[in-house]
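I opened my notebook for a friendly look around this one. Pockets and aromatic rings were on my list.

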Amino acid sequence: MARTGSCNCGSVRYSITADVRHTGACHCGMCRKWSGGVYLGVEVAPDDITIEGQDKLTIYTSSPWAERAFCGTCGCSIYYRVTAPGPHQGTYHVGLGTLDDAGGITLNGEIFIDRKPPGYAFAGDTHKMTEAEVMAMFGPD
């Protein structure tokens, strides 16, 4: 099922051709500041997304292995994208809240679980990774 989404003002729109069924939660400090809480993102391969209004995006290199994009007009967070060489390079993590319809998408994983503020938790069983596990995944082989 194709999915579409946009920023708040509509200057940036996107279309995802992959069948997205799951979202993951990131509890790292950067994602919490960027999203104002936990970041919920859907993983999308580079060939499965088309972005309209790319000239309206502001790109911020937030770490040695990723960049974040937001609408330069309304400030809405759109995605972070893995830039580090390796099997994840180019992968987008599009903000769940920017989808026009997030129906049928379930939470299946959480990363930086050891950085999660103690005041909240998700119901259900998810795959969980610590900061060290995530950094090892993106580190040099």
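My entries on the pocket, the rings and one tryptophan follow.

**Entry 1: the model.** I note before anything else that this is a predicted model.

**Entry 2: the largest pocket.** I began with the space in the largest pocket, which comes to about 490 Å³. I then looked up its lining and found 23 residues. Nearest the centre of the pocket I wrote down Gly 24, Glu 43, His 93, Asn 108 and Ile 111.

Which element gives the most to this lining? I found that β3 does, with 5 residues. I also listed the elements that supply at least two lining residues each: the strands are β3 (22-26), β4 (39-44), β8 (77-82), β10 (106-111) and β11 (127-129), and the helix is α2 (131-138). Sorting the lining by residue type gave me 10 nonpolar, 10 polar and 3 charged residues.

**Entry 3: aromatic pairs.** I turned to the rings next and counted 4 aromatic pairs. One of them joins Trp 34 and Tyr 39, with 5.0 Å centre to centre and 40 degrees between the planes, a tilted pair. I checked burial too, and both Trp 34 and Tyr 39 are buried.

Why is the pair of Tyr 39 and Tyr 80 called tilted? Their planes stand at 50 degrees, with the ring centres 5.9 Å apart, and planes count as tilted when they are neither under 30 degrees apart nor over 60, so this pair is tilted. I liked that this pair links distant parts of the chain: Tyr 39 sits in strand β4 and Tyr 80 in strand β8, 41 residues apart. Both Tyr 39 and Tyr 80 are buried. Put together, ring pairs link Trp 34, Tyr 39 and Tyr 80 into a cluster.

**Entry 4: charges over rings.** I went back to Trp 34 and found Arg 68 over the face of the ring, 4.9 Å from the ring centre. I noted another such case at Tyr 120, where the charged end of Lys 116 sits over the ring, 5.7 Å from its centre.

**Entry 5: Trp 65.** I looked for Trp 65 and found it in the loop between β6 (57-63) and β7 (66-71). Is Trp 65 buried or exposed? Its relative accessible area is 14%, and buried means under 20%, so Trp 65 counts as buried. My last check was on His 88, which lies 23 residues from Trp 65 in sequence and 9.8 Å from Trp 65 in space, C-alpha to C-alpha.

Definitions and conventions
Residues are numbered from 1 along each chain as its sequence is written. This is a predicted model: local features need pLDDT of at least 70, side-chain atom pairs count only at pLDDT 80 or more; totals for chains, interfaces and linings use all residues. Side-chain values use heavy atoms; hydrogens and water are left out. On a 1 Å grid over the protein atoms alone, a cavity is a set of points where a 1.4 Å probe fits but cannot get out, and a pocket is an open set with protein on both sides within 12 Å along at least five of seven lines; lining residues have an atom within 4 Å of a point. Grid points are joined across faces, edges and corners, and a volume is the space filled by probe spheres set on the points. Helices (H or I, at least four residues) and strands (E, at least two) are DSSP runs, numbered from the N terminus. Ala, Val, Leu, Ile, Met, Phe, Trp, Tyr, Cys and Pro count as nonpolar, Asp, Glu, Lys and Arg as charged, and the others, Gly among them, as polar. Rings of Phe, Tyr and Trp (its six-membered ring) pair if their centres lie within 6.5 Å; planes under 30 degrees apart count as stacked, over 60 as edge-to-face and the rest as tilted. Buried means under 20% relative accessible area, exposed over 50%, partly exposed in between (1.4 Å probe, protein chains only). A charge sits over a ring if NZ of Lys or CZ of Arg is within 6 Å of the ring centre and within 35 degrees of the ring normal.
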